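This report describes selected features of a protein model. The sequence and structure are shown first.

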Amino acid sequence: MPEYVVSVGMECHAELLTKSKMFCGCENAFGGEPNTRCCPICLGLPGTLPVFNKQAVEHVVRTALALNCEISMRTIFHRKNYFYPDLPKGYQVSQYGNTPIGINGFLEIEREDGSLKKIRITRAHLEEDTGKSQHVDGLGYSVMDYNRAGVPLMEIVTDFPPDVESGEEARLYAETLRSILLYLGVSDGKMEQGSLRVEPNPSVREKGSEVYGIKTEIKNLNSFRFVQQGVEYEAKRQIAAIEKGEPIIQATFGWDSEKNESVLQRVKESEQEYRYFPEPDLIPIEFLEEYIESLRASLPELPIPRKRRFMQEYGLPATDAAQLVSERATADYFEATAKRADPKLVANWMLGDLTRLANAASQSVYSTPITAEHLAGLVNAIGKGTITGKIAKELIEPMFTDGKTVEQLIQERGIKVADAGVVQEIVERVIAANPDIVAKIRAGNEKSKGFLVGQVMKEARGQARPDDVNRLLDEALA
Ligand code: ZN
Ligand code: MN
């Protein structure tokens, strides 16, 4: 069997976070009583006129800039005509042709080994979402909910020939894109609710061939894992078909996540069938240079560059840095704390005890009563020797539940770290009480020292500094 290579075009749709829909004043929100967030405009009733949502345009411009796109300084809307029950107007307002808001950009994915790969993006455009058909059991026909019709939607498409070359890269692309959208605050990126829809278009060809194979599209991939599985499955299916001498038909498949297989949905329309033409009810948008530049200046540092900076600047391991930048607010909280205390220790406390407490209370690390100042106070108190690590572990709980500072708790509880003189006395007592262990250590059995350390700590009720205990024991045993 010849060797095959996989190429994957990526089409992603993201619903935009705006108060109102794309062309009318209806509320933009998930779910709700069916058909309660509709009006004559989003239902496309005769005589109505759309007005575009400026916030949605701004979201697409900011995304396009973050994806290194050029901005079309003059951009227009088109009608994409097709008949489907979820499309009340009989057309979708979209952007066709070569002047979508963003063109010729790229996004970088980070492979497991830390290397970056550039995935070129051909366009980022603005359109509107459709309604939803629902199949109610026992009804015998489908019902329509138009609450989603007219919700602002952004479409992002990768360039041809595709740079994504495996199921894993397709998943990394989707994960990276989602984290960028979340950092920008333009979409909530919920794949399970469909506010981010990732549709890979895999094709296969013999290695070395210049001719790309016919692609198929996969839909209903509502998790990153399914994106990878879907691409891998479709690539295998296509290869098996080619090997059997069967043609690949350009078609859309749905992903069945129970059976882990793709199911043929429909054979693709060609572009001509959509009869695209400029939307006559909307004026063209002409951007001013100052407007674009002010949006460019508003862009945050993006997750992958931020992760790499955290590793460099704070000396964090890749896994810690990745966890800390997973959400923008978490990364901000880390940096606010790391300004005031040792960054590595801050990362350990954040990813350890604080994450545990926050998870148990269904909160995020950045929104608990432990502020950045409070966490830095805890870390610094250990550093200065005001409390031991053991006591810190006891104090973080009341800091979490009552929002108290470490200083308040030290006062309230009368916590004192034993001074070296007190520890010295305990060390002497422990050595006197354990002559056989002492003999073993002096005979070269270093491991037995741990027992003595434990005894001293126990007698000091955790209030001795580990450094003092080790130093004084070593001196006494020397
Ligand atoms: Zn409406
Ligand atoms: Mn689209």
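The sections below describe metal sites, a loop residue, strand pairing and cysteines in a predicted model.

## The zinc site

Four cysteine sulfurs serve as the protein donors of the zinc ion (ligand 1): C24 (SG), C26 (SG), C39 (SG) and C42 (SG). These atoms lie 2.3 to 2.4 Å from the ion. Along the chain, the donors of the zinc ion (ligand 1) follow the spacing C-x1-C-x12-C-x2-C.

The geometry of the zinc site is tetrahedral, with angles of 101 to 114 degrees among the four donor atoms. For comparison, the ideal angle for four tetrahedral donors is 109.5 degrees. Among the donors, C39 and C42 are buried. C39 has a relative accessibility of 17% and therefore counts as buried, the cut-off being under 20%.

## Leucine 43 in the loop

L43 is found in the loop between β1 (4-15) and α1 (54-66). Its relative accessibility is 25%, so L43 counts as partly exposed.

Not counting residues up to four places away in sequence, L43 touches C38, P88, K89 and Y146. L43 also illustrates how remote positions in sequence approach in space: N147 is 104 residues away along the sequence, while the C-alpha to C-alpha separation of the two is 9.7 Å.

## The manganese site

The manganese ion (ligand 2) has H13 (NE2), E127 (OE) and E155 (OE) as its protein donors, at 2.0 to 2.2 Å. Their spacing along the chain is H-x113-E-x27-E. Distant parts of the chain are linked by the pair of H13, in strand β1, and E127, in strand β7 (residues 116-128), which are 114 residues apart. Both H13 and E127 are buried.

## The six-stranded sheet

An open sheet of six strands runs in the order β2-β6-β7-β10-β1-β11, and its pairing is antiparallel. The edge strands are β2 (70-71) and β11 (196-206), each of which pairs on one side only.

Within this sheet, β6 (residues 102-110) and β7 are joined in the antiparallel sense over eight bridges, with E110 standing opposite L116 in β7. Strand β7 also pairs with β10 in the antiparallel sense, over seven bridges; here E128 stands opposite P152 in β10. The antiparallel pairing of β1 with β10 extends over five bridges, and E11 stands opposite V157 in β10.

## Strand β10

How many residues of strand β10 (residues 152-158) are buried? Seven of the seven are, so β10 is largely enclosed by the rest of the structure.

The side chains of the strand divide into two sets. P152, M154, I156 and T158 point one way from β10, whereas L153, E155 and V157 point the other way, and all are buried. E155, in the second of these sets, is also one of the protein donors of the manganese ion (ligand 2).

## The three-stranded sheet

A second open sheet comprises three strands in the order β5-β4-β15, again with antiparallel pairing. Its edge strands are β5 (91-94) and β15 (277-278), each pairing on one side only. Strand β4 (residues 78-81) and β15 pair in the antiparallel sense over two bridges, and H78 stands opposite P278 in β15.

## Threonine 75 and its surroundings

T75 lies in strand β3 (residues 74-75). With a relative accessibility of 1%, T75 counts as buried.

The side chain of T75 makes a polar contact of 2.6 Å with the side chain of Q95. Apart from residues up to four places away in sequence, T75 touches Q95, T99, P100, I101, P284, I285 and F287.

## Cysteines and disulfides

A disulfide is a covalent bond between the sulfur atoms of two cysteines. With a cut-off of 2.5 Å between cysteine sulfur atoms, the count for this model comes to zero disulfides.

Why does C12 not form such a bond? The closest cysteine sulfur to that of C12 is in C69, 13 Å away, which is too far for a bond. C12 is itself buried, with a relative accessible area of 1%.

Notes
Residues are numbered from 1 along each chain as its sequence is written. Chains are lettered from A and ligands numbered from 1 in the order in which they are written. This is a predicted model: local features need pLDDT of at least 70, side-chain atom pairs count only at pLDDT 80 or more; totals for chains, interfaces and linings use all residues. Side-chain values use heavy atoms; hydrogens and water are left out. Donors are N, O and S atoms within 2.8 Å of the metal (3.2 Å for Na, K and Ca); water is not among the atoms, so sites may look incomplete. Four donors count as tetrahedral if all angles lie between 85 and 135 degrees; four count as square planar and six as octahedral if opposite donors are over 155 degrees apart and all others between 65 and 115; anything else is irregular. Buried means under 20% relative accessible area, exposed over 50%, partly exposed in between (1.4 Å probe, protein chains only). Helices (H or I, at least four residues) and strands (E, at least two) are DSSP runs, numbered from the N terminus. Contact means heavy atoms within 4.5 Å. Two strands pair if DSSP finds at least two bridges between them. A polar contact is a pair of N or O atoms within 3.5 Å; within protein, one must be able to donate a hydrogen and the other to accept it, and residues adjacent in sequence count only if both atoms are side-chain atoms.
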